[in-house]
Each structure stands twice: as structure tokens, then as C-alpha cells.
Amino acid sequence: MRPANEALIVVDVQNDFCPGGALAVPGGDEIVPRVNALMDEFQVVVLTQDWHPANHSSFASNHEGKKPYEVIDMPYGAQILWPDHCVQDTYGAAFHRDLAVGKAQFVVRKGFRPEIDSYSAFFENDHETETELDTWLSARGVDHVTIAGLAWDFCVQYSALDAAKLGYAVTVLEGACRAIDLDGSSEDARAALLDANVVLEP
Ligand code: VGL
Ligand code: ZN
């Protein structure tokens, strides 16, 4: 068992990020058994859940003439437009059926404000609006986070970078993640994580 100052953060293991889903990550469902086993090792376990309203500004469908994967300028910077995914209360937003959700103490929902996307479990994409996660972890004396989940090059990467910025020691378990991989984003993520002193383990 890991000590109580270490938390496991399981990022977005939801149907829409698994094969057959609206924003399927290749092999996304393959990580579920490993993640379930990891949850038994940690005393503190948090799940994140991408949780968008249907009118969310990260959906290409909400921008006249735009297609998924085009990039637009938002007040907070560049935003990739996605297919509609993880719409609140839909099957796509639900956790993978085999994920042992009962082992987690806390679920952080993100991306629920229509005007702003949120890849990170800690901050929305303006890098200013905070989720409740840092407060929750700090209150429990957590200073080390281990991250697994989907997608390696988006929500996992941004969560890990923000955790490092907030002063946590951060480990990402590469083998317990899968990537979307747009234009080399997987390799870029790897470089950014190493640059931020995030420890990568298989
Ligand atoms: C994610 C794109 C859009 C993720 C979420 O979980 O990595 N990626 N929303
Ligand atoms: Zn999303």
C-alpha cells in the first residue's frame, strides 16, 4: 500500500474516449484492468470526468462552418475543436463499465462551463479558473500524485503539468495511458512532461 501522502488520479476513463466512443482514443479501454489494480494500491484515489453541456464551446458543432480538429482562437488562447463528446448525463460521459469507480473517494468534473474547455484536473484552459482538486488533495496532506488515464497527450498531460506547477511531485504511468495523437502531440507531451520534471514510469 502506498503512503497516505500519495494520490492516484485516474483521468477521463469514459465511454466516449474508448473504442466506439465519440472521441475514441485507440486502445483506451485496454488500460481499465491496470487502473483497477492501481486503485487497490493507493489510499487516496480521485477520478476525473469530462462533463460538457451540449452547447459547449469546444464542440465543432457549435461553431458555424467549423469541423472537428480545426483550431479557433478563444479569449484564453487557441482551442482545438472536438467532436461532441462526454455530454452530461449521456452514456458517452459515463465511466467505462468495468472501471471500479467505487474505489475512488472523489470525482472531479471538468469542462462544464459552456465558454471554456478544461483539459486539466486542476485548472480550466484559461490556467486561472481552479477546480476543487488542489484544495481537496491539500486538505488530506497529499504531496505526490500518480496519474493514469485518457488521453495521454491532452487531459493527462495538462493535469500532470499543472500538478507539477502547484508543487506536487508527479509521476505519470505511461503504460496506463493512451493517446489521441494529433500531429505529433504524443511526443510533444512527453517532452513537456520531462521538461517539467514529471517522472515517467511504464
Ligand atoms: C480530452 C479532448 C477533449 C481528454 C477531453 O480527456 O484528453 N481530450 N476533451
Ligand atoms: Zn472534452
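**Exercise 1. Take stock of the chain: state how many helices and strands there are and in what order the elements follow one another.**

Step 1. In this predicted model, the secondary structure of the chain amounts to 4 helices and 8 strands.

Step 2. Read from the N terminus on, the elements follow the order β-α-β-β-β-β-α-β-α-β-α-β.

Step 3. The chain has a radius of gyration of 16 Å, which is close to the 17 Å given by the globule rule for 202 residues, so the chain is as compact as a globular protein of that length.

Step 4. The C-alpha trace spans about 50 × 35 × 30 Å along its principal axes, and buried residues account for 44% of the 202 residues.

Step 5. When contacts between residues at least 6 apart in sequence are taken, 72% of them join residues at least 24 apart.

**Exercise 2. Work out the strand order of the open sheet, and say which strands lie at its edges.**

Step 1. The open sheet is formed by 6 strands, which come in the order β5-β2-β1-β6-β7-β8 with parallel pairing.

Step 2. The edges are β5 (106-110) and β8 (199-201), each of which pairs on one side only.

Step 3. From one strand to the next, the twist averages 25°.

Step 4. As general background, the strands of a sheet pair through backbone hydrogen bonds, in either a parallel or an antiparallel manner.

**Exercise 3. Follow the pairing from β2 through β1 and β6 to β7, and find residues that stand opposite one another.**

Step 1. Strand β1, residues 6-11, pairs with strand β2, residues 44-50, in the parallel sense over 5 bridges, and here Ala7 stands opposite Val44 in β2.

Step 2. β1 also pairs with β6, in the parallel sense and over 6 bridges, with Ile9 standing opposite Ile147 in β6.

Step 3. β6 in turn pairs with strand β7, residues 169-178, in the parallel sense over 6 bridges, and the bridge partner of His144 in β7 is Ala169.

Step 4. Strand β6, which covers residues 144-150, is mostly covered, since 6 of its 7 residues are buried.

**Exercise 4. Identify the residues around ligand 1 and sort them by class.**

Step 1. The residues that surround ligand 1 are Asp12, Phe17, Asp50, Trp82, Tyr119, Leu150, Ala151, Phe154 and Cys155.

Step 2. Sorted by class, this shell holds 7 nonpolar residues, no polar residues and 2 charged residues.

Step 3. Comparing the list with the strands, Asp50 of the shell falls within β2, residues 44-50, while Leu150 of the shell falls within β6, residues 144-150.

Notes. Residues numbered from 1 in each chain as written. Chains lettered and ligands numbered in written order. Predicted model: local features only at pLDDT ≥ 70, side-chain atom pairs only at ≥ 80, totals over all residues. Near = placed C-beta within 6 Å. Nonpolar A, V, L, I, M, F, W, Y, C, P; charged D, E, K, R; others polar. Helix = DSSP H or I, 4+ residues; strand = E, 2+ residues; numbered from the N terminus. Rg over C-alpha atoms; globule rule 2.2 N^0.38 Å. Buried ≥ 20, exposed ≤ 12 C-beta atoms within 10 Å, placed from the backbone. Contact = placed C-beta atoms within 7 Å. Pairing = 2+ DSSP bridges. Axes fitted to C-alpha atoms, helices over the stretch in contact; angles between N-to-C directions.
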